[in-house]
Structures are given as C-alpha cells and as structure tokens.
Amino acid sequence: LSWSTYFGGEQDDRASAIALGYDLQGNLNALYVGGNTSTLQVPATITSPITTATGGAFPLANPSSSTYFQSTNGQLSGFTSKFDIPSFQVTWSTFIGGEGIDRLTGLATNSMGDLYVVGNTRTSQTTLSCVANTQGTFPICNANNFSYIDNIFTGAPNEDGFILRLNPLHQLTWSTYLGGEALELIQSIDIDAMDNVFIGGRTESLAPNASGIPTLNANFPAYF
C-alpha cells in the first residue's frame, strides 16, 4: 500500500467510479474519483489544492464556473474530484446535479484530456446552456436540440441517463439526457483508442419509437 485516504463530508458519501487522466504527451497526471453524496455543507472558504480537513463539509476545490453543478438540498447528488499525481492533492472537486436526485455511475477520459461523466438523474428542469446557472436545473450543452435524445420525464421513480463532457480546464463542453418515456439507467462508459465513446445501461422505454431509446445500425433486431 503506497497511498490511501478517506474522502467526503458529514453525511453518506460513496465513491462509485474512477478514471486516470493523462496529459497530451501521454503522461499520467491525475486520478479522477466520482460518486454520490448527501452532504449538504460546503466549506466556508474553497481553496485549491485542499491541504487541511474540511470539518465535515464536502471537499470542494476550484469549481470555477461549475456552479450549475449543485448540491441537491440534502438529497443525493453526484460529485467528481481530481487528485493530482504524484502529489495526490485534491486540485478540483465539484457537485454534479440539480434540484432532484442525481447519481454518478461512471467516468472516462480521452486522449485530449477530456473527462466524460455519466449517471442518472431525476432533475427534470433543464437549461439549454453551457454556462453556469444557480437555479438547480440540469445543463444541456451542444446537444443538437434533442434531435436524437429525448427526455420525456415522468418524475419519480423514473430516471433518465445523462452524459457530460468537460475539457481539461473542467469547463462543460457537451451534455445531454439519454432516455425516453420511462426509466433509464446508465451503468458504464468506455472510450477506445480512437476516442469513440461507448455507453451501456438499461431501459424500460419502448424502442424504437418516437419517445423511446433511438436505435442505429442495429442490423438484425432479433437480439435487441
């Protein structure tokens, strides 16, 4: 064992995903950790890197313009945090979510240093923007005007999947819901050597139809 730590606040905190980050020269430089938290308290002063215990507050660090990723008023919120390598100091950490329950389930990085975040959300209020907002809405950024991704949200207990992409400066560059008229759960993400993104999960939406999960190049529908 060469390094280990607790991470979280005064409430329930669960890590559910990790990803390694690399610079453009291919050198390992970051460890990303993602998960879910019900900790509402935030530090009185947000610093980066975090060098001392946060006294039960959730360890936020340098969220920059990411104020559109909010705590969910004591409900479950996603979070993503970055540990620099080799120092393992937390240099960036933010909530991911809106006014509803949000669950983060997967992280992945590509060759350009972008971070992809996937999960599930009950936040039904959206903002068609890539910039920060403070209204508890979920940001939809450069998503082609919902042309192939529907969010026909019917509320709890239904959830939709979501996908976010953040650049190496941790700025949101693309995000969308992924779902239809019923329950969707995104459970995994992977990126290949060509930077193609693969998403896996489950759905209870009828497919294919106008309000269900879109299918493309499915060849023989017998195995779908």
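Which residue takes a positive phi in the hairpin of E1 and E2? In this predicted model, the residue is Gly-26, whose phi is near 85 degrees in a hairpin that has five residues between its strands. The two strands concerned, E1 and strand E2 (residues 28-37), pair in the antiparallel sense over nine bridges, and within that pairing Ala-19 stands opposite Tyr-32 in E2.

The hairpin belongs to a protein chain that holds zero helices and twelve strands, so that the order of elements from the N terminus on reads β-β-β-β-β-β-β-β-β-β-β-β. Of the 224 residues in the protein chain, 46% are buried, and the accessible surface comes to about 11400 Å², with 54% of that area belonging to carbon and sulfur atoms. Among the contacts in the protein chain with a separation of 6 or more, 59% are accounted for by residues 24 or more positions apart.

At the surface, Leu-20, Tyr-22 and Leu-28 make a nonpolar patch of about 260 Å². Leu-20 lies in strand E1, which covers residues 13-22, and with a relative accessible area of 39% Leu-20 is partly exposed, because that value falls between the 20% under which a residue is buried and the 50% over which a residue is exposed. A salt bridge is found between the side chains of Arg-14 and Asp-12, with a distance of 3.0 Å from N to O, and the count of salt bridges comes to one. The two partners can be described separately: Arg-14 is exposed, at a relative accessible area of 57%, whereas Asp-12 counts as partly exposed at 38% relative accessibility.

Aromatic side chains provide another set of links, since the structure holds four aromatic pairs. In one of these pairs the rings of Phe-7 and Phe-79 have their centres 6.0 Å apart and their planes at 40 degrees, so the pair is tilted. Phe-7 lies in the segment before E1, while Phe-79 lies in strand E3 (residues 77-84), and the pair therefore ties together parts that are 72 residues apart in sequence. The partners are described by separate accessibility values: Phe-7 counts as partly exposed at 26% relative accessibility, whereas Phe-79 counts as buried at 2%. Ring pairs also link these two residues with Trp-3, Phe-83 and Phe-88 into a cluster.

Strand E3 also holds Thr-80, which counts as buried at 0% relative accessibility. As general background to reading such a strand, side chains in a regular strand alternate between the two faces of the sheet. What surrounds Thr-80, leaving aside its neighbours within four places in sequence? The residues in contact with Thr-80 are Tyr-32, Val-33, Gly-34, Trp-92, Ser-93, Thr-94, Ile-96, Leu-104, Leu-107, Leu-115 and Val-117. One of these, Tyr-32, is the residue in E2 that stands opposite Ala-19. Another of the contacts, Thr-94, has its place in strand E4 (residues 90-96) and counts as buried at 2% relative accessibility. Thr-94 and Thr-80 are 14 residues apart in sequence, and their C-alpha atoms are 5.7 Å apart in space.

Several backbone features can be located in the loops. A cis peptide bond, with omega of about 15 degrees, joins Ile-85 and Pro-86, and Pro-86 has its place in the loop between E3 and E4. Farther along the chain, His-170 is a residue other than glycine with a positive phi, near 70 degrees, and its place is in the loop between strand E9 (160-166) and strand E10 (172-178). His-170 is buried, with a relative accessible area of 9%. Asp-195 likewise has a positive phi near 70 degrees in a residue other than glycine, and Asp-195 is placed in the loop between strand E11 (184-191) and strand E12 (197-203). At 23% relative accessibility, Asp-195 counts as partly exposed, whereas His-170, at 9%, is buried.

Methods. Residues are numbered from 1 along each chain as its sequence is written. This is a predicted model: local features need pLDDT of at least 70, side-chain atom pairs count only at pLDDT 80 or more; totals for chains, interfaces and linings use all residues. Side-chain values use heavy atoms; hydrogens and water are left out. Patches are made of residues with over 30% relative accessible area and no salt bridge: like charges are joined within 9 Å, nonpolar side chains (Val, Leu, Ile, Met, Phe, Trp, Tyr) within 5 Å. Accessible areas come from the Shrake-Rupley method with a 1.4 Å probe; for residues, only the protein chains shown count as cover. A salt bridge is a side-chain nitrogen of Lys or Arg within 4 Å of a carboxyl oxygen of Asp or Glu. Helices (H or I, at least four residues) and strands (E, at least two) are DSSP runs, numbered from the N terminus. Buried means under 20% relative accessible area, exposed over 50%, partly exposed in between (1.4 Å probe, protein chains only). Rings of Phe, Tyr and Trp (its six-membered ring) pair if their centres lie within 6.5 Å; planes under 30 degrees apart count as stacked, over 60 as edge-to-face and the rest as tilted. Contact means heavy atoms within 4.5 Å. Two strands pair if DSSP finds at least two bridges between them.
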